[in-house]
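Student: Could you take a close look at one part of this structure, the nonpolar interior, and go through it in detail?

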Amino acid sequence: MFGAPVKFVLVVAACWSSWAAICYSQTDEEKRPEYWNDQAWRDIQDVLNLQPKTGVAKNLVLFLGDGMGVSTVTAGRILKGQLAGRTGEEELLEMDKLPYSALVKTYNVDRQTGDSAATATAYLSGVKANYETLGVDGTVTYDDCAASLTGKVKSVLRHAHDAGKSTGIVVTSRITHATPAATYAYAANRAWEHDGKVPTEAQSLGCTDIALQLVEDNPYINVILGGGRAYFTNTNQTDPEYPDQKGFRTDGRDLIQEWTDGKAGSAAQYVWRKAEFDQVDPAETDYLLGLFEPSHMQYSLDTENDTAGEPTIAAMTTKALQILTKNPKGFFLLVEGSKIDLGHHDSKAAHALHDVIAFDDAIAVATGMLDLDETLITVTADHSHMFGFGGYAPRGTPILGLVPDDGENIVLDNMRFTNILYGNGPGFRQEGRQNLTGVNTADKDYIQQSAVPMKWESHGGEDVSVFADGPMAHLFRGLHEQVYVAHVMKYAACLGEYAEKCQTSRTASAADKHSWSGFTLVSTLLLIKSIIN
């Protein structure tokens, strides 16, 4: 059986070998105006028939595509369609099918282009923060331990726990990385993931590392799935999967064992490989910790090289939901497609876009398993990247391929270029652009060319999309600050400062709606009467 990388290479080859038949074609339907008119009318009807759900959200699921800007969503959509043998542009991702959407601004308090820690604080806690700080407000600047002790802010996950709900985190990064850490930790520096990273002075003031905060301060989190084993084990411990690797902790503590000991008497399990994960019975499990790599988990294109194996993000989401849905009071779950971002930083677009598709599979799991009359599903990104595609490529051009030399693009150096390019990153060559003739640009490790030399490609500063369905999802429309995401979730589920306010305001809104309807009906009757007379 062909793997995904081979399959895509075959699709690309088919497109180049029969360009006119496959990749530069329109259906006969698309050539007729009626096709587009009918499609638009169906879309209008779908919107007209939308009925906002105004009940209280029992469950909250936040899907976060790290670095998944608008151009990444579009390119991922096209790749999904091309992997299925279609031209791709007409494809829909699962997130595209959610009926409500908006844009949010991603800047930090002190930066025009944000990082994942400060942006995570915004969409998880509802306040903007400074660059590379997490779980704290704007009074805390980078590395300021003392200020972080008093500048803490509360995440939606903590509010959900306070309301008696179950909680969970599913990521493909380290579980101590910026996005997941913002649900449970407070740090003036996102890099303080284990004790060896926290300066002695900060430790003396009372600042602790992120891994320790997870185990000591947040024992109630029901599901924790991701990577980062080495951040929980000490320098004397050998990794169970990689005998040549040790843990990072310098304090001698084994936080995995401490987590296990703290769950004595509970239905709790720790797993580190796929076989163990697969055997976990959700009905018999209330707490699940899974750490599948010493650092980040594998890219979706690389899992075949993982001897111990690790579950997909869709499989982790399935297991998490099976455990969390047992709570009659509901739950909060964060699911992050973490390695979309890391693929972009390396300028390896194949990795980034295949992880978009894997992330989208997890969204399909949730929409299929959950009742959207009682669950608010929100999909968004923390920031974008210096990632783009274009160049007047014909319909169906392989998104990971070369733009055809059809005379439309006047390239001054007379060399071909890839459909996807980065504004900055490791793909820059001082000696000039590489001649791409004969180069397999669809290879998973191909580094796209960039305009500015940087060790790692950088984030982009533009707005990102929000897609949503469920109770109060209709509040996502227009342009908002990124903090709005957290406030909509809290309002939808009546959490935190909205615990009483949301009930009162909804009752008032309903009354206003009925009053307006009555006023409109009376006005209409009077108008009809005047016309008749």
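Tutor: Accessible areas here come from the Shrake-Rupley method with a 1.4 Å probe, and for residues only the protein chains shown count as cover. This is a predicted model, in which local features need pLDDT of at least 70 and side-chain atom pairs count only at pLDDT 80 or more, while totals for chains, interfaces and linings use all residues. Residues are numbered from 1 along each chain as its sequence is written, and side-chain values use heavy atoms, with hydrogens and water left out.

The protein has an accessible surface of about 23200 Å², and carbon and sulfur atoms account for 54% of that. Of its 533 residues, 53% are buried (under 20% relative accessible area, 1.4 Å probe, protein chains only).

The largest nonpolar core (buried Ala, Val, Leu, Ile, Met, Phe, Trp, Tyr and Cys residues joined through side-chain atoms within 4.5 Å) has 101 residues. Phe-63, Phe-232, Phe-332 and Val-379 touch the most other members of this core. Phe-63 can be followed further: with neighbours within four places in sequence left aside, its contacts (heavy atoms within 4.5 Å) include Thr-317, Val-335, Phe-359, Ala-362, Ile-363 and Ala-366. Phe-63 also meets the run Ile-377, Thr-378, Val-379 and Thr-380. A second core of 15 residues is separate, and Ala-75, Ile-78, Leu-353 and Ile-357 are among its members.

For the protein as a whole, 70% of the contacts between residues at least 6 apart in sequence join residues at least 24 apart.

Definitions and conventions:
Buried means under 20% relative accessible area, exposed over 50%, partly exposed in between (1.4 Å probe, protein chains only).
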